[in-house]
Amino acid sequence: MYTLGIDIGSTTSKCVILKDGAKEVAKSLIVAGTGTDGPNRALNEVLKKANLKLEDVSYIVSTGYGRKGYRLANTEISELSCHAKGVMHLFPKVRTIIDIGGQDAKVLSINERGRLAEFVMNDKCAAGTGRFLDVMANVLKLDISDLEKEARKATNPVQISSTCTVFAESEVISQLSNGSSRENVVAGICKSVANRVATLAKRLDIKDEVFMSGGVAKNEGVRNAMEEVLNTKIVYSKDSQLMGALGAALFAYEKSIKEE
Amino acid sequence: MSEEVKKKKKYVPNPNSAKYKLGKIVEKHYKEAIEAKANGEKIGWCASNFPEEICQTLGIKVVYPENQAAAIAARGAGEKLCNIAEADGYSNDICAYARISLAYAKIESAPEQDMPQPDFMLCCNNICNVMIKWYENIAKEKNIPLIMIDIPFNPDKEVSKEQIAYVKGQFLEAIKQLEEISGKKWNENKFKEIMKISNRTSKAWLEATSYCAYKPSPLNGFDLLNHMAVAVCARGTVEAAEAFEVLCKEYKENVKEHKSTFRVEEKYRIMFEGIAVWPHLRVTSSGLKDRGMNMVATVYADAFGLLYDDLDGLIRCYCGVPNSVCLESARDTRIDVAKRTHAEGLLVHTNRSCKLWSGFMPEMSRQVAKACDIPLTSFDGDQADPRNFSEAQYETRVEGLAEVIDSRKGDC
């Protein structure tokens, strides 16, 4: 039996197909989120990679910001539960998940039974999310994926004190015009994101292991800054961005079995 | 034929229902104030936690800017009026009720909810500190008297004799001022009678809210948010007492007949913390109902049910309204409500308008959730400024709360 999870985020669309709720058959990631052709492209790509047709898939669960109204889905489940499910499938020792997506940040606490016990999410502001990094990369004329390389070169990270994306943008420009190096500014930006999200994480009882998921987890600069601020080791996977889609595919399998 | 079918489907309110009666009381409240103004009587703008009993005894018509701002926001004009106040220089960080009210005082017309312009202002700071400057500014702009009652924040659990004496002195002085302004005389016997009626109303109101404790609840908790305007503006009237008694009867019958105004299966029972998001009432309500999540606990509704025996008791009540008490008292009240109603989760409205209420909410909600062993989540919103709310964020948090409750039950 094939089941599919689709995570429609604000900036990316991700799909995972599982066979019998265990074996990963294919995955896809398209940098285009809800309200675009991203979900369809991600779906077509994952089906092509799996060499399957849509009718071969028994059950689809959608998750993420654009989960509602995705007409191909049998049901939708929030990204909170799907991220928890996906991470626990691959990393069962994890007890805290920090997920930073395109426009929100969340921290999940997992209980001893491996279930979602508590969560906290960012407020209405986009600071501390992927959007914040997008804006800053744009100001610095860098590709988002280059931020971590720049951060690695930093010798003396600058202080980005503002918690507002708009004001922080002005602050970055001021730092550059005052002679701060680009790499030190980038490291300061990564630290700013980590500080912001760490205040959320500290509202929960942070238990090891701590896993980072979502697009921002790809950024080593933020991961390192987070480890420093939280004084703990961060577990990470190159597929961190796909945890929501994986969780959705696992739920799809369980629901399919239950309904049968 | 099709027209006939359509006509049959049109909603006809039952004139004997509590909902109809309560709606009529609010309608009458505004109508009488408008008529009194037209007849040359002095009209006051009054804080929701100023003793309604005093005005009722003197036969003075007052209207409530907070009720009006909520109605304007619920009917879609919150942003328009907020913009008017902001264009006059008021920061969008201050309370949206205040901004709407200041704008209304300037433009003097809002089809969403009109009310007469004031001849005096009655302020009581037990609910809010922004209100002091809000009312002062209107009094200054319109060159009318402001009667200000200072009810100090209470760091202790009990209300002291000294505090009662301090507030009583101000109330007695306020009565004198109101006599001078209105030309009407205070009647002690009438005051006793009004206090009796007010207690009857409060008793019925609190009984109505207490039906939420039944499993399943015979009412949709959001009903209370619509009905509570009467508890604010007409507590001292027999009509209000009777309408709430009818409401209790309806809920009692619902329990007996296993019916509810919550029209779907009650899968989850939650406590909702904070003032309603009036500009997005439908979205916030259906966001819960669509998941079978019923709001069975809120201190916001109960706050307007005040029970007392005499003037000292009345003052004690007004010294103990939610925003004037310390974290420990506020927390214990919530724990009691959450336990009594078997709430399984806590949904906190971080109200951008109300720093006083939302300021200590992260710590208080943490303590309440811990004491009741229930999960909690919060969302950003506003009691009257629609711009401070995101539907998608609300949906995810509510869904997450439901999933955590399921997870704890072991269903997931």
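A residue is classed as exposed if 12 or fewer other C-beta atoms lie within 10 Å of its own. In this predicted model, B:Asn143 has 6 C-beta neighbours inside 10 Å and therefore counts as exposed. The phi angle of B:Asn143 is near 55°, a positive value in a residue other than glycine. B:Asn143 lies in the chain B loop that runs between helix 7 (130–142) and strand 4 (146–149).

A positive phi value is also found at B:Glu108, again a residue other than glycine, where the angle is near 60°. The loop that holds B:Glu108 connects helix 6 (96–107) with strand 3 (120–124) of chain B. B:Glu108 has 11 C-beta neighbours inside 10 Å, so this residue likewise counts as exposed.

Cis peptide bonds occur in chain A and in chain B. In chain A, the bond from A:Asp208 to A:Glu209 is cis, with omega near -5°. A:Glu209 is placed in the loop between helix 6 (182–201) and strand 9 (210–213) of chain A. In chain B, the cis bond joins B:Lys215 and B:Pro216, and its omega is about -5°. B:Pro216 belongs to the loop between helix 9 (188–210) and helix 10 (222–233) of that chain. The cis bond of chain A thus leads into a glutamate, A:Glu209, and that of chain B involves a proline, B:Pro216.

Notes:
Residues numbered from 1 in each chain as written. Chains lettered and ligands numbered in written order. Predicted model: local features only at pLDDT ≥ 70, side-chain atom pairs only at ≥ 80, totals over all residues. Helix = DSSP H or I, 4+ residues; strand = E, 2+ residues; numbered from the N terminus. Buried ≥ 20, exposed ≤ 12 C-beta atoms within 10 Å, placed from the backbone.
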